[in-house]
Amino acid sequence: MTWTPLDCHAHSTWSDGQLNLDDVLVAVRARGVRPSIADHVSRDVVGAVDSLEQVEAYLIALEQRDTGRSAEFCWHDSLWREIPPDVLGRFTHTVGSLHAVWLPNGTLQRVFTRSWPDGLTPHDYVVALLHNLERLAAEMPIDLVAHPTLLPIPLRAIPAEELWTEADEARMVAAFLASGLVFEVSSRYRPHERLVRRAVEAGVRLSLGSDGHAAEQVGVITFSLALTRALGVPDEDLYDPAVHGRRGL
Ligand SMILES: [Zn+2]
Ligand SMILES: [Zn+2]
């Protein structure tokens, strides 16, 4: 059998995607990519799967189709804590995301916002992100972390190699390595090469993710695959839950 890339992370109308489930699967396969649906399961994303009852209905819809079955949980929202292990076991893999991080003063800083608290430096945010990631690794029964370098809007223009110190990168890589979490190389929220290279050299497993929400995005993992190949990662080493198993269970 020839290897075919797996998009571990795409959205449908079960949350904030534009295409229904079947149309996502057709669009992803048309790109020569195997699909996984990873809709938002959270009470803090508008239009998401936001109750245990809805999780059940969502899983049934996925189980009726030939697709990877996943869910993207928000670290800062508690719904994932309420999902029983037998329900988590019906997913092929689960995804956790730092769509917001807790700051040392107990407030929440979100990523999809332009508001920025007085007195917080950009590097303070990176340190808080790393602390939240370490807590996520200890508490969250997930397999992979989506877009681990996603930042609040005001920070996105800062060159990553200046915002992240090499010590920050080493701390992030250590959190992945110690926990067995998979590092998503997102084609939507792209990690910088220096960090991904460090993860590869340490032996962290990577996944491909389009994080697509629209027809022209789902299954588009071109950036992700070009980077993993440029860094010498064998295609077969890229995360496939059927091959590499699950950490979250
Ligand atoms: Zn996300
Ligand atoms: Zn997503």
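**View 1. Strands S6 and S7 run side by side in this predicted model.** Strand S6 covers residues 144-145, and its pairing with S7 is parallel, built from 2 bridges. If you look for a landmark, find Val-145, which sits opposite Phe-183 of S7. As a reminder, the strands of a sheet pair through backbone hydrogen bonds, and the pairing can be parallel or antiparallel.

**View 2. Strand S7 is enclosed by its surroundings.** Is S7, residues 182-186, buried or exposed? Of its 5 residues, 5 are buried, so the rest of the structure largely encloses this strand. Now follow the side chains along S7: Val-182, Glu-184 and Ser-186 point one way, while Phe-183 and Val-185 point the other way. Residues on both sides of the strand are buried.

**View 3. S7 also pairs with strand S8, and a helix links the two into a unit.** Strand S8 spans residues 206-209 and runs parallel to S7, with 4 bridges joining them. Phe-183 is a handy guide here too: its bridge partner in S8 is Leu-206. Include helix H7, residues 193-202, and you have the pieces of a β-α-β unit made by S7, H7 and S8. This unit is right-handed.

**View 4. Step back a little to find the whole open sheet.** How many strands form this sheet? There are 6, placed in the order S1-S2-S3-S6-S7-S8, and their pairing is parallel. At the edges are S1, residues 36-41, and S8, each of which pairs on one side only.

**View 5. Strand S1 joins S2 at one edge of the sheet.** Although S1 is an edge strand, it is mostly covered, with 6 of its 6 residues buried. S1 and S2 run parallel and are joined by 6 bridges. One pair to look for is Ala-38 with its bridge partner in S2, Ser-70. Together with helix H2, residues 52-63, these two strands make a right-handed β-α-β unit.

**View 6. Strand S3 lies beside S2, and Val-95 is a good residue to explore there.** S2 (residues 68-74) and S3 (residues 95-97) pair in the parallel sense over 3 bridges. Across this pairing, Phe-73 stands opposite Gly-96 of S3. Val-95 is part of S3, and it is buried because 28 other C-beta atoms lie within 10 Å. Which residues does Val-95 touch, not counting those up to four places away in sequence? They are His-9, Ala-38, Ser-70, Ala-71, Glu-72, Phe-73, Ile-142, Leu-144 and Ala-146. Take Ser-70 as an example: it is 25 residues from Val-95 along the chain, yet their C-alpha atoms are separated by 7.0 Å.

**View 7. Helices H6 and H7 cross at an angle.** Two packed helices are described by the angle and the distance between their axes. Here, the axes of H6 (residues 166-179) and H7 come within 10 Å and cross at roughly 40°. The two helices are therefore oblique to each other, and H6 passes H7 in a right-handed crossing. From H6, the residues that meet H7 are Glu-169, Ala-170, Met-172, Val-173, Phe-176 and Leu-177. Their counterparts in H7 are Arg-194, Leu-195, Arg-198, Ala-199 and Ala-202.

**View 8. Val-200 of helix H7 touches residues further along the chain.** Val-200 counts as buried because it has 20 C-beta neighbours inside 10 Å, and a residue needs 20 or more to be called buried. Leaving aside neighbours within four places in sequence, Val-200 is in contact with Leu-231 and Val-233. Val-200 and Val-233 are 33 residues apart in sequence, but 7.4 Å apart in space, C-alpha to C-alpha.

**View 9. Two loop residues, His-147 and Asp-211, have positive phi values.** Start with His-147, in the loop between S6 and helix H5 (160-163). Its phi is near 30°, a positive value in a residue other than glycine. His-147 is buried, as 24 other C-beta atoms lie within 10 Å. Next, find Asp-211 in the loop between S8 and helix H8 (222-230). Asp-211 is not a glycine either, and its phi is about 50°. With 26 C-beta neighbours inside 10 Å, Asp-211 is buried too.

Conventions. Residues are numbered from 1 along each chain as its sequence is written. Chains are lettered from A and ligands numbered from 1 in the order in which they are written. This is a predicted model: local features need pLDDT of at least 70, side-chain atom pairs count only at pLDDT 80 or more; totals for chains, interfaces and linings use all residues. A residue is buried if 20 or more other C-beta atoms lie within 10 Å of its own, exposed if 12 or fewer, and partly exposed in between; C-beta atoms are placed from the backbone. Two strands pair if DSSP finds at least two bridges between them. A crossover is right-handed if, with the strands pointing away from the viewer, the path from the first strand over the helix to the second runs clockwise. Axes are lines fitted to C-alpha atoms, for helices over the stretch in contact, and angles run from 0 to 180 degrees between N-to-C directions. Angles under 35 degrees count as roughly parallel, over 145 as roughly antiparallel, 65 to 115 as roughly perpendicular and the rest as oblique. A crossing is left-handed if the near helix is turned anticlockwise from the far one by less than a right angle, and right-handed if clockwise. Two residues are in contact if their C-beta atoms, placed from the backbone, lie within 7 Å.
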